[in-house]
4 protein chains.
Amino acid sequence: MASIVLLLWCRDRPGIVAAVASWVTSIGGNIIDAQQHTDAHDAMFFQRVEFEVPPDRVVDDVHRSFGALAQELQLSYRFGVRPYRPRAVVLVSKPLHCAMDLLSRAYLGNLSLDMQALISNHPDARNLAEMFAVDFVHLPVDDSDDGRATQEDALAQTLESLQPDLVILARYMLVLPPAIVRRWNHQMINIHHSFLPAFAGANPYRQAHDRGVKVVGATSHYVSERLDEGPIISQEVVPVSHRDDVESLARHGRDLETIVLARAVRAHIDHRVLVFGNRTIVFD
Amino acid sequence: MASIVLLLWCRDRPGIVAAVASWVTSIGGNIIDAQQHTDAHDAMFFQRVEFEVPPDRVVDDVHRSFGALAQELQLSYRFGVRPYRPRAVVLVSKPLHCAMDLLSRAYLGNLSLDMQALISNHPDARNLAEMFAVDFVHLPVDDSDDGRATQEDALAQTLESLQPDLVILARYMLVLPPAIVRRWNHQMINIHHSFLPAFAGANPYRQAHDRGVKVVGATSHYVSERLDEGPIISQEVVPVSHRDDVESLARHGRDLETIVLARAVRAHIDHRVLVFGNRTIVFD
Amino acid sequence: MASIVLLLWCRDRPGIVAAVASWVTSIGGNIIDAQQHTDAHDAMFFQRVEFEVPPDRVVDDVHRSFGALAQELQLSYRFGVRPYRPRAVVLVSKPLHCAMDLLSRAYLGNLSLDMQALISNHPDARNLAEMFAVDFVHLPVDDSDDGRATQEDALAQTLESLQPDLVILARYMLVLPPAIVRRWNHQMINIHHSFLPAFAGANPYRQAHDRGVKVVGATSHYVSERLDEGPIISQEVVPVSHRDDVESLARHGRDLETIVLARAVRAHIDHRVLVFGNRTIVFD
Amino acid sequence: MASIVLLLWCRDRPGIVAAVASWVTSIGGNIIDAQQHTDAHDAMFFQRVEFEVPPDRVVDDVHRSFGALAQELQLSYRFGVRPYRPRAVVLVSKPLHCAMDLLSRAYLGNLSLDMQALISNHPDARNLAEMFAVDFVHLPVDDSDDGRATQEDALAQTLESLQPDLVILARYMLVLPPAIVRRWNHQMINIHHSFLPAFAGANPYRQAHDRGVKVVGATSHYVSERLDEGPIISQEVVPVSHRDDVESLARHGRDLETIVLARAVRAHIDHRVLVFGNRTIVFD
């Protein structure tokens, strides 16, 4: 059964819930889920309303109808439809477990992704792409002075030609240039292998080992121009001990990374994530 | 800032959210939190709406006004006010950690409870009650044939005279008679030291050890006439290993028990729990 | 670097640790890990000793040498070598996520398994086997009166011809006959999709939903003749809420199932599991 | 039953386990628990051996006897006895939950602590100390230029006069001067209300909220001269969401803080913690 998701945000004030609910009723819709969040500190109101409309109702009319209300009430908003199966591109470097997990979930129908391509700066993922019958795009960085810039141009062009709805950095180890980050703003999800903000940057498991922490974590976030500082969507940790060397921390971490990334991607697909400043509201 | 909580449930159908939101607006109220849940399997709708009303608004008028709407729409409902500080009675036997934890939280203002009395079939808790300046009622079971029945009568009378809003079984090891359970229906919360339905009944840590489980848990639930089968409010587990003997399982479990019980009591105080059949909806 | 693992158990008494450590030294070995566990309740002693020996040392001599000591001290024991890459057969029915996960881990080198075959009573897994270049054996149950018995015979013969070191039931939904269970005693690992002993048997997520639990779990165990009662190797849970219907519980559970099963298989491969009665000692 | 704990560390090399086990046997002892850890990266060996000795055995003789072996094998070591009930001083500022929890556990026999005094720069904890019949020492910081220095002197003197075995900073919000930190090196345990190294310093819950993390944590560590950078003993996190404001993060965190601190204190009392560089080995 298809449904429409409305995500909205505005300065908090009385009457919004009633106005939105009445509007849904007015277009013949039936609310199947409504969640709201008020941030008292910032005096902001956020809402996710999922509703069904009669089959003869034209989606554009729905949008236009709400646009009028939004203008009147000065609401910011975004619409989505469900089920949603975004065209997705996965970027990966040497560690393949996150890419493998995403391909597996898409294959099993566990994640609703229309996999367009697997892109890598290394050749290792080619076989993986073939197993799952997904296009593989190899974009190596050569040794020349402008090897990195050339690769970034090729990546930008590849993404432009594919026009994905979602770009997933599944342990892609090269920092992306600001232009690409801006182009796919709120459409690009990364997995970082630590509980950010701890151990940002390179080799987080080595950093974790040297600090002697008793938990390691993984963090999935929208990519922003400041490395490892984008809005966090999902985050989880696992207990470790002195028995774990760097390799064993990484092994514990791999299971976390796949789960945390998949959870963030699912929240995105379900239109459950609103970004406000550098934080997210992730509805249940 | 005082607010009113409305908990309602009914057969699922379109328009409820809009009708309730409009009603709140009609009485000059402002919704500060609204959560809903639709159980597709049972075709039921559940909602918790928390709203503020102008200071001059009489609560009885609010109730009466909603009563008319509820009748029209055939809604079941319940009102609560916040902040809420229920008069509470704690029943305890020999293990004192849960009672100690509740008294500590109430003392520190961490749980909003007006502690009326600590009731026990053993004398061990008397000192605890004195430390926290709470009345202690010792209701021992004597050896006579009707010792148990006599004690149950005394307990029933003590509760009637105290008229608590909430009765908390904080490791009270005697099964209560049906009459008491019915009298305090949905007002009596128990902590069981296992992840129910596993290891119901006596000595759950012994049972857990003998089965060789790798997690132990604790479960907090409303007390129903069928022992350890009431609606679960809160439940959590902790990993254990072969290294843990029964005593060590119990030690791990104690921390869980206090936290799980306190969490259930807090959900109850916040009017976040709806019971439907033998399950609960615990709003966030 | 190759090493030898010695797992031993006996009635607890003084001197065992010293005797074993001296023996390792006497054969020129170097202990790289030693863990012990004393079960005070059953007065049993368990130990896992991992040690390296000089390259010219013959393994059979090591075994013979220890055999003499074991007889003298009345020790029960078992030897293993590391690295170990057991020949493995995976049995699966319709839900493919656990089989997919095991194949992925073996492919990525995350689990040291020599995958011999994927066996299923359904055809669904055939494509999966092909993707990972593993033999697929389809053993359907036909509608005839002895369809089930015929299938069980075929399964028994297939296993005999493959002679796996390890049989993994990765959501295989048919109960195995006692003869097969006995034949692969302590070599057959199952995943059950609940935190046993809660919700044994069929449809555990349905059972969990009907009971209204706030956690769901998964349990990996050696298969014994009594269904869902074998020695537990690994077990974990995840929090759920009233928002989760049966399908959503199953989705949460899938991630747990794959992780719990993989963890149990890894412990088995590392020779870290000792079975005593119906419980396991799982060394770190 | 009394036992002796031997904690030792040295460069890793063959034969240590055997030599120590033989020594225990040689003095008529019986090993009841032995755990070891080899840090391959630093080539270090760590061991905890707990053993019983005949009642007529003099502890000083045991120490002298091992001293000879340690010199021969160039082992560093430390002895402890069990049961152990250290004289403990608790330092606390305004938030009382951790101090309350430690006092409760000591009172219930859940933590083996001989509480000497509760010391605070605020008067708020006085009533708590009286409830549990523990001495209260009020060491306020006055407004004078040297108010802080004067208070630190008074604290140093108070500690010297009490000669505690263990100093517990149970949410003591003043940074201690290096002299005090050095004096009670490895005898002073702090709780920090974040998963260090994230959110060191002041107001970690505010920092956590502003960063939009999805978990908050608590960390217990030995106090070192560099603030919030001492060796971590115990650490745990709890999931949070956008629904949690700073106050609600703090409430979730309080339960964590008490549990993480109590766990670290218990590990210390059980002689299970070895510090090596800035990391800990915490035996099970």
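Chain A is divided into domain 1 (3–82) and domain 2 (87–282). This is a predicted model.

**Domains of chain A**

The domain centres, taken over C-alpha atoms, are separated by 32 Å. Contact between the two domains involves 9 residues of domain 1 of chain A and 5 residues of domain 2 of chain A. Three strands of chain A each give at least two residues to the domain 1 side: E1 (3–11), E3 (44–52) and E4 (76–82). By class, that side has 5 nonpolar, 2 polar and 2 charged residues.

**Overall fold of chain A**

Chain A holds 8 helices and 13 strands. Its C-alpha atoms fill a box of roughly 60 × 40 × 35 Å along the principal axes. The radius of gyration is 21 Å, and a compact globule of 284 residues would have one near 19 Å, so the value for chain A agrees with that rule. Of the 284 residues of chain A, 45% count as buried. Contacts reach across the sequence. Taking pairs in chain A at least 6 apart in sequence, 67% of the contacts join residues at least 24 apart.

**A glycine in a loop**

Gly28(A) sits in the loop between helix H1 (16–26) and strand E2 (30–39) of chain A. Is Gly28(A) buried or exposed? Gly28(A) has 14 C-beta neighbours inside 10 Å, so this residue counts as partly exposed. A residue is buried at 20 or more such neighbours and exposed at 12 or fewer. Beyond its neighbours within four places in sequence, Gly28(A) is in contact with Val53(A), Pro54(A) and Arg57(A). Gln157(A) is 129 residues from Gly28(A) in sequence. In space, the C-alpha atoms of Gly28(A) and Gln157(A) are 44 Å apart.

**A helix of chain B**

Helix H5 of chain B covers residues 147–162, which makes 16 residues. From first C-alpha to last, H5(B) reaches 23 Å, close to the 22 Å expected at 1.5 Å a residue. An α-helix has 3.6 residues a turn, so residues three or four places apart point the same way. Gln163(B) follows H5(B) and has a positive phi, near 50°.

**Where chains A and D meet**

How many residues of chain A are in contact with chain D? The contact joins 26 residues of chain A with 26 residues of chain D. Two strands of chain A, E11 (232–239) and E13 (279–282), each supply at least two residues of the chain A side. E11(A) gives the largest share of that side, 5 residues. The side of chain A that touches chain D breaks down by class as follows.

| Class | Residues on the side of chain A that touches chain D |
|---|---|
| Nonpolar | 11 residues |
| Polar | 9 residues |
| Charged | 6 residues |

**Chains B and C**

Chain C can be laid on chain B with an RMSD of 0.0 Å. The operation is a turn of 180° with a shift of 0.0 Å along the axis. The two copies are thus related as by a two-fold rotation axis. Which residue of chain C comes closest to the rotation axis? That residue is Ala198(C), with its C-alpha at 2.4 Å. Of the interface residues of chain C, 100% are also interface residues in chain B, so the copies meet through the same surface.

Note on methods: Residues numbered from 1 in each chain as written. Chains lettered and ligands numbered in written order. Predicted model: local features only at pLDDT ≥ 70, side-chain atom pairs only at ≥ 80, totals over all residues. Contact = placed C-beta atoms within 7 Å. Helix = DSSP H or I, 4+ residues; strand = E, 2+ residues; numbered from the N terminus. Nonpolar A, V, L, I, M, F, W, Y, C, P; charged D, E, K, R; others polar. Least-squares fit on C-alpha atoms with pLDDT ≥ 70 in both. Expected span 1.5 Å × (residues − 1). Rg over C-alpha atoms; globule rule 2.2 N^0.38 Å. Domains from an automatic or database assignment.
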